Amino acid sequence: MANGVVKEDLKKNFEEVNPGLNDREALEEAYRCLYCYDAPCIKACPTGIDIPAFIKRIATGNLKGAAKTIMSANPVGASCARVCPTEELCEGACVLNHSTKPIMIGDLQRYATDWAIKNEQVLFQAGKKNGKKVAVVGGGPAGLSAARELALFGYEVTIIEAEAEAGGLNTYGIVSFRLPKAISYWEVQQVKSLDVNIQTNTKVGVDITKDELLNQFDAVVLAVGMGKVPSLHIEGEQLKGVYDAIELVKETKTKELTDEFIGKRVVVIGAGNTAIDAATCSVRLGAENVKILYRRTKEEMTAYDFEYEFAKQDGVEFRWLTQPKRIIGDENGRVVAIECIKMKLGEKGVDGRRRPVPIEGSEFILPVDAVIKAIGQIRHMPLIEHFGLAHNDGVVQVNPKTYETSVQNVYACGDVIFGKGQGEAMVVTAAQQGKEAAYALHQQLSESVNKNV
Ligand code: SF4
């Protein structure tokens, strides 16, 4: 019984933190918008949402119209309303930054899309079938976006998804207290409603081959995103109490919440958005103390500022210039401590960031009960190799205009082409790339049809 009560408490911790705007707040905020001509907020949105238009629709009570304006430009616009770094994008560009405060564009976007979700709106209709078939490998933001646009053009689209549900990062990788699964499911449903077939629990290279795909479909769009967290390459990674941040977040969204973290001391290694998610997740799972260890400083941290502030409000501590050396276990193979070394910043590396250098003799031991690895994500190398695609350390090479890979009729977009100075890893940029890949593919296939006439 006591355990049941604890689990109920934990569940409450995972309810969405931001309550969103109420009707009055949304209207007041919408009325503040100046509906700028040549609005800078539109230009700052990677998907080019017509922001003044959707805000005007909210102001005039046309919430379906507002949601449609948002979702037509961004097929994952309901998720992006919650996870976009708006202060760096649309809100950062709002002209009202110069006088009062920017329009709360993200919150208004959420208000309109929440209305559509609550009222079970279906916003789009599939285009007239054009007789062509496309397979989209991966049903995350980029894949859903490509599939949606292709379905609107009239393609028969099948999404091949390795997981039990589509949605990718939005379904599994972002903590539910910031992005509940229901939001991502609705976006998936919008795509499904265009007769898009979503084949889940299917791995390319295992359940179906690339040759079978290329025989069955006119083109393939590879939009698989990223995989697990890489190894730290230190002693003790196999101990009980060492977690992969991506897996941990996924478990909180798919399984009953664990009580293993209650009263525990947790360290998270890394300082990106996933590290912040893992740290705030640990707090909500009842950890007594949560520290983020990062080998560089706050300036080099890749987490968004709002994520950092959110973690601090949750009581997460940050230990800058600290690198783990080994994880220490007890006789039962459970984590009891982590040995770290202090770092200093040295010369700039090839990525332009100053490289962290260990300070000899500065080792120290931190007693901990759990270690969460959050130092980035590995690429889906077996899949990239299965397709035989040209790549640069796992970053698939594409023609930047046409999104064509080195293999004929295979296109790629999203995180699978991000990295090595190419693109930016945001949900919203993945969504835009999905759209652009769909337009490029449509143009190529239309041209080949015309040539053959
Ligand atoms: Fe409205 Fe700000 Fe965009 Fe102007 S820049 S249209 S005020 S949201």
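**Helix α9, salt bridges and a ligand shell**

User: How far apart are the end C-alpha atoms of helix α9 (residues 141-153), and what span should its 13 residues have?

Analyst: This is a predicted model. At 1.5 Å a residue, the 13 residues of helix α9 should span 18 Å. That agrees with the model, where the end C-alpha atoms are apart by 19 Å.

User: Is α9 mostly covered or mostly uncovered, and how many of its residues are buried?

Analyst: Buried means under 20% relative accessible area. P141, A142, G143 and L144 are among the residues of α9 that meet this. So are R148 and E149, both charged by residue type. The helix is mostly covered, with buried residues numbering 11 of 13.

User: Which residue follows α9, and what is its phi?

Analyst: The residue after α9 is G154. Its phi is positive, near 105°.

User: Which residues surround the ligand, and how do they divide into nonpolar, polar and charged?

Analyst: The shell holds C33, L34, C36, A39, C41, P52, C94, V95, I103 and I105. Cys and Pro count as nonpolar, as do Ala, Val, Leu and Ile. The division is therefore no polar, no charged and 10 nonpolar.

User: Is C33 buried or exposed, and how many disulfides does the structure have?

Analyst: C33 is one of the residues around the ligand. Its relative accessible area is 13%, so C33 is buried. C340 also counts as buried, at 0%. A disulfide needs two cysteine sulfur atoms within 2.5 Å. By this rule the count is 0.

User: How many salt bridges does the structure hold, and which residues are linked in a network of them?

Analyst: The structure holds 23 salt bridges. The linked residues are E16, R82, R110 and D114.

User: Which parts does the salt bridge of D369 and R265 tie together, and how many residues apart in sequence are they?

Analyst: The side chains of D369 and R265 meet at 3.0 Å, N to O. D369 lies in the loop between β12 (364-367) and β13 (370-373), and R265 in strand β6 (residues 265-269), so the pair ties together parts apart in sequence by 104 residues.

User: Are D369 and R265 buried or partly exposed?

Analyst: D369 has 19% relative accessibility, so D369 counts as buried. R265 has a relative accessible area of 31%, so R265 is partly exposed.

User: Where do K325 and E363 lie, and how many residues apart in sequence are the parts they tie together?

Analyst: K325 and E363 form a salt bridge, 3.0 Å from N to O. K325 lies in strand β9 (residues 322-329) and E363 in the loop between β11 (354-358) and β12, so the separation of the parts in sequence is 38 residues.

User: What distance separates the closest N and O atoms of E339 and R326, and which strands hold the two residues?

Analyst: In this salt bridge the closest N and O atoms are 2.6 Å apart. The pair ties together parts that are 13 residues apart in sequence, because E339 lies in strand β10 (residues 335-348) and R326 in strand β9. E339 counts as buried at 14%. R326 is partly exposed at 29%.

User: Where does D277 lie, is it buried or exposed, and which residues beyond its sequence neighbours is it in contact with?

Analyst: D277 lies in helix α14 (residues 273-284). Its relative accessible area is 4%, so D277 is buried. Leaving aside neighbours within four places in sequence, D277 contacts G173, I174, V175, R178, V249 and E307.

Note on methods. Residues are numbered from 1 along each chain as its sequence is written. This is a predicted model: local features need pLDDT of at least 70, side-chain atom pairs count only at pLDDT 80 or more; totals for chains, interfaces and linings use all residues. Side-chain values use heavy atoms; hydrogens and water are left out. A residue is near a molecule or strand if one of its heavy atoms lies within 4 Å of it. Helices (H or I, at least four residues) and strands (E, at least two) are DSSP runs, numbered from the N terminus. The expected span of a helix is 1.5 Å times one less than its number of residues. Buried means under 20% relative accessible area, exposed over 50%, partly exposed in between (1.4 Å probe, protein chains only). A salt bridge is a side-chain nitrogen of Lys or Arg within 4 Å of a carboxyl oxygen of Asp or Glu. Contact means heavy atoms within 4.5 Å.
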